[in-house]
Amino acid sequence: MKRRPLGTTLLDLEVILDEMVDCHDLQWGDILNLVRGYLEIHRPDAQEEYVENSGRPVFYYGPKK
């Protein structure tokens, strides 16, 4: 895949995010979980691993505990 500047990719993403909110009435939680689901299934290789203490970060979106 040809590498484009990250700024160009982010400009493309902005249009998609606006469409998800304005045309489909999605909220932050909806969008974040759709993206997370895609990454878990199609790009598990992209998740970072902790060097110290091993393991992986925990994704949490919700009220403060």
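# Getting to know this model, one "why" at a time

Me: How many salt bridges are there?
Reply: The count comes to four salt bridges, and this structure is a predicted model. The test is a side-chain nitrogen of Lys or Arg within 4 Å of a carboxyl oxygen of Asp or Glu.

Me: What makes the contact between Asp12 and Arg4 a salt bridge?
Reply: The closest N and O atoms of Asp12 and Arg4 are 2.6 Å apart. The cut-off is 4 Å, so a pair at 2.6 Å passes.

Me: Why are Asp12 and Arg4 called partly exposed?
Reply: Partly exposed is the class between under 20% (buried) and over 50% (exposed). Asp12 has a relative accessible area of 35%, so it belongs in that class. Arg4 has 41%, so it belongs there too.

Me: How do you know that Arg36 and Glu40 form a salt bridge?
Reply: Their closest N and O atoms are 3.0 Å apart, and the limit is 4 Å, so the pair counts.

Me: What separates Arg36 and Glu40 in helix α2?
Reply: About one helical turn, because they are four residues apart in helix α2, which covers residues 28-42. Arg36 has a relative accessible area of 35%, so it is partly exposed. Glu40, at 47%, counts as partly exposed as well, because exposed would need over 50%.

Me: What makes Glu49 and Arg56 a salt bridge?
Reply: Their side chains meet at 3.1 Å, N to O. That value lies within 4 Å, so the pair qualifies.

Me: Why is Glu49 called exposed, and why is Arg56 called partly exposed?
Reply: Glu49 has 55% relative accessibility, and the line for exposed is over 50%, so Glu49 passes it. Arg56 has 38%, so it stays in the class between buried and exposed.

Me: What makes Glu14, Asp18, Asp22 and Asp25 a negative patch?
Reply: Asp and Glu count as negative, so the sign of the patch follows from its members. Like charges are joined within 9 Å, and a member needs over 30% relative accessible area. Asp22 is a good one to check: it has 59%, so it is over that limit and also counts as exposed. Asp22 is found in helix α1, residues 6-22.

Me: Where is Asp25 found, and why is Asp25 called exposed?
Reply: Asp25 is found in the loop between α1 and α2. Its relative accessible area is 63%, and exposed means over 50%, so the label fits.

Me: What is the phi of Asp25?
Reply: Phi of Asp25 is near 55°, a positive value in a residue other than glycine. Most residues other than glycine have a negative phi.

Me: Which residues form a nonpolar patch on the surface?
Reply: Leu6, Leu10, Leu13 and Ile16 do, with about 380 Å² of accessible area together. Leu and Ile are among the side chains counted as nonpolar, so the name fits. Ile16 lies in helix α1. At 46% relative accessibility, Ile16 is over the 30% asked of a patch member, so it can be included, yet it counts as partly exposed.

Me: Why is Ile41 called exposed?
Reply: Ile41 has 64% relative accessibility, and over 50% is exposed, so Ile41 gets that label. Ile41 is found in helix α2. Ile41 and Gly55 are 14 residues apart in sequence and 19 Å apart in space, C-alpha to C-alpha.

Me: Where is Glu19 found, and why is Glu19 called partly exposed?
Reply: Glu19 is found in helix α1. Its relative accessible area is 41%, which lies between 20% and 50%, so partly exposed is the right class. The C-alpha atoms of Glu19 and Pro5, 14 residues apart along the chain, are separated by 22 Å.

Me: How do you know how the protein compares with a compact globule?
Reply: For 65 residues, a compact globule would have a radius of gyration near 11 Å, but the protein has 15 Å. Its C-alpha atoms fill a box of roughly 40 × 40 × 20 Å, taken along the principal axes.

Me: What share of the 65 residues is buried?
Reply: Buried residues make up 5%, the test being under 20% relative accessible area. The protein exposes about 6500 Å², and carbon and sulfur atoms supply 58% of it.

Me: How many helices and strands does the protein have?
Reply: It has two helices and zero strands.

Technical notes: Residues numbered from 1 in each chain as written. Predicted model: local features only at pLDDT ≥ 70, side-chain atom pairs only at ≥ 80, totals over all residues. Heavy atoms only, no water. Patch = residues over 30% accessible without salt bridge, like charges linked within 9 Å, V, L, I, M, F, W, Y side chains within 5 Å. Areas by Shrake-Rupley, 256 points an atom, 1.4 Å probe, with all protein chains shown as cover. Charge placed at Lys NZ, Arg CZ, Asp CG, Glu CD. Buried < 20%, exposed > 50% of the residue type's maximum accessible area, 1.4 Å probe, protein only. Rg over C-alpha atoms; globule rule 2.2 N^0.38 Å.
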